[in-house]
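Work through these exercises with the model open beside you. Try each task before you read its solution.

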Amino acid sequence: MATVRDYVIDAYRLITDLGLDESMSSAMASAGLKRANGIMKNWSNKRSMSYSLPVIEHILEANKQTYTIGPGGDIDTDRIGWIEYIRIDDNATFPTSKIVGPAKYNEWEMISSKKSSASWPQAFYYNPAYPLGELNLYPAPAVAYKIYITHTKQFTQFSDINDEVEIPEDLEELFTYTLCMKLAPYRGITVSGEVRREYSRLKYETQSKNRNLTPRMLLSTPFSGLSYNNRRVSFPWGYKR
C-alpha cells in the first residue's frame, strides 16, 4: 500500500518541482504531510467526498435529547464525519419507522423551547465537536426507540510521512492531484493547465458518484418549525452541504 510519501513525491513531480532522480527534502516532506492532513480533514466534512455511508445502531433513552458520539461517548463508536439522516423504529413486532432529517445551525438556534418531548422527533441537529460529537433530537422522543444513524466516513489523519494511505482506488488519483493543487502555491509554482483540468475532472466524477450513494426522498416526518412563526421547513434526505 502506498504511503503519504509516495503520493507527495508523485505530486511534486507532476508540478515539475522534483525530477525523477531527485530526492525530496525534509521541508518538502513536512509541507506534504501538512497538506495531506488538510485534504483528509476537508474531505471528512464534505458529503460529496464520502465514499461510504456506515450505519450505527443505538437504543435511545426516553425523554433524553442530547447524546455524545465517539469513543467513550453515549453512543460509543469511532469518530464520525457527518450525519446524513436518522431512522427511528418503535421496536414493535411490526415496527413503524420514521426518517428524521437535519436542522441547520440557524434553524436549530431559532427553536425557542428545545427541552421538549413528544412521541417522535421531527429533526436532529449534529454538532461535530471534538473529541465527542453531540447529537440533539427535537423534540426528545418520550419512548426508548431504536435509532439508526447513517453517517459519512471520517478520513484518517496521518502522524508521519511514511504512514500508509488507506483510501479506495477511486480516490487515489484525486488525492495526488489535490496535493498538486495544494503544494504548488507553497512552492511558488503555477499549476499547468493539464494538471488543473485533470484535477477538475477527477473531483467532478468523484463528487457526482458519491452524491448518488443514497436516493433522495422526502422525510416521513417533515420538520415544521412551529416554535418560530409557524414557518414550515422540510428537509430532503441528504441536503447539500
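**Exercise 1. Strand pairs**

Task: Find how many bridges join strand S7 to strand S8, and give the direction of the pairing.

Solution. Start with the ranges. S7 covers residues 123–127 and S8 covers residues 133–138. Five bridges join these strands, and they run antiparallel. Now pick one residue. Tyr125 has Asn136 in S8 as its bridge partner. Keep in mind that this is a predicted model.

Task: Describe how S5 pairs with strand S4 and with S7.

Solution. Take strand S4 (residues 83–89) and strand S5 (residues 97–102) first. Their pairing is antiparallel, over four bridges. Ile86 is matched with Val100 in S5. Next, turn to S5 and S7. This pair is parallel and has two bridges. Here Pro102 has Phe124 in S7 as its bridge partner. As background, strands of a sheet pair through backbone hydrogen bonds, in either a parallel or an antiparallel way.

**Exercise 2. The whole sheet**

Task: Write down the strand order of the open sheet of eight strands, then explain why one side of S1 and of S3 has no neighbour in the sheet.

Solution. Read the order across the sheet: S1-S10-S4-S5-S7-S8-S2-S3. The pairing is mixed. Now look at the edges. Strand S1 (55–59) and strand S3 (75–76) stand there. Each has a single partner strand, so one side of each is left without a neighbour in the sheet.

**Exercise 3. Two packed helices**

Task: Classify the packing of H2 against H4 by angle, and give the handedness of the crossing.

Solution. Two packed helices are described by the angle between their axes and the distance between the axes. For H2 and H4 the angle is about 125 degrees, and the axes are 10 Å apart. That angle makes H2 oblique to H4. Last step: H2 passes H4 in a right-handed crossing.

**Exercise 4. Two pockets**

Task: State the volume of the largest pocket and describe its lining.

Solution. The volume is about 420 Å³. The lining has 19 residues, and the closest to the pocket centre are Arg79, Lys153, Gln154, Phe155 and Thr156. Sort the lining by class: nine residues are nonpolar, five are polar and five are charged.

Task: Do the same for the second largest pocket, and find which element gives the most residues to its lining.

Solution. This pocket has a volume of about 190 Å³. It is lined by 13 residues. Nearest its centre lie Asn42, Trp43, Thr178, Lys182 and Tyr199. Helix H2 (26–44), helix H4 (169–187) and helix H5 (193–211) each give two or more residues to this lining. H2 gives the most, with five. By class, the second largest pocket is lined by five nonpolar, four polar and four charged residues.

**Exercise 5. Backbone details**

Task: Locate Pro131 and Pro139, and say whether the peptide bond before each is cis or trans.

Solution. Pro131 sits in the loop between S7 and S8. The bond from Tyr130 to Pro131 is cis, with omega near 10 degrees. Pro139 sits in the loop between S8 and strand S9 (140–141). The bond from Tyr138 to Pro139 is also cis, with omega near -15 degrees.

Task: Find the sign of phi at Thr16, and place this residue in the chain.

Solution. Phi of Thr16 is near 60 degrees, so the sign is positive, in a residue other than glycine. Thr16 belongs to the loop between helix H1 (4–14) and H2.

Terms used. Residues numbered from 1 in each chain as written. Predicted model: local features only at pLDDT ≥ 70, side-chain atom pairs only at ≥ 80, totals over all residues. Heavy atoms only, no water. 1 Å grid on protein atoms, 1.4 Å probe; cavity = no way out; pocket = protein on both sides within 12 Å on 5 of 7 lines; lining within 4 Å. Points joined across faces, edges and corners; volume = space filled by probe spheres on them. Nonpolar A, V, L, I, M, F, W, Y, C, P; charged D, E, K, R; others polar. Pairing = 2+ DSSP bridges. Axes fitted to C-alpha atoms, helices over the stretch in contact; angles between N-to-C directions. Parallel < 35°, antiparallel > 145°, perpendicular 65-115°, else oblique. Left-handed = near helix turned anticlockwise from the far one by under 90°.
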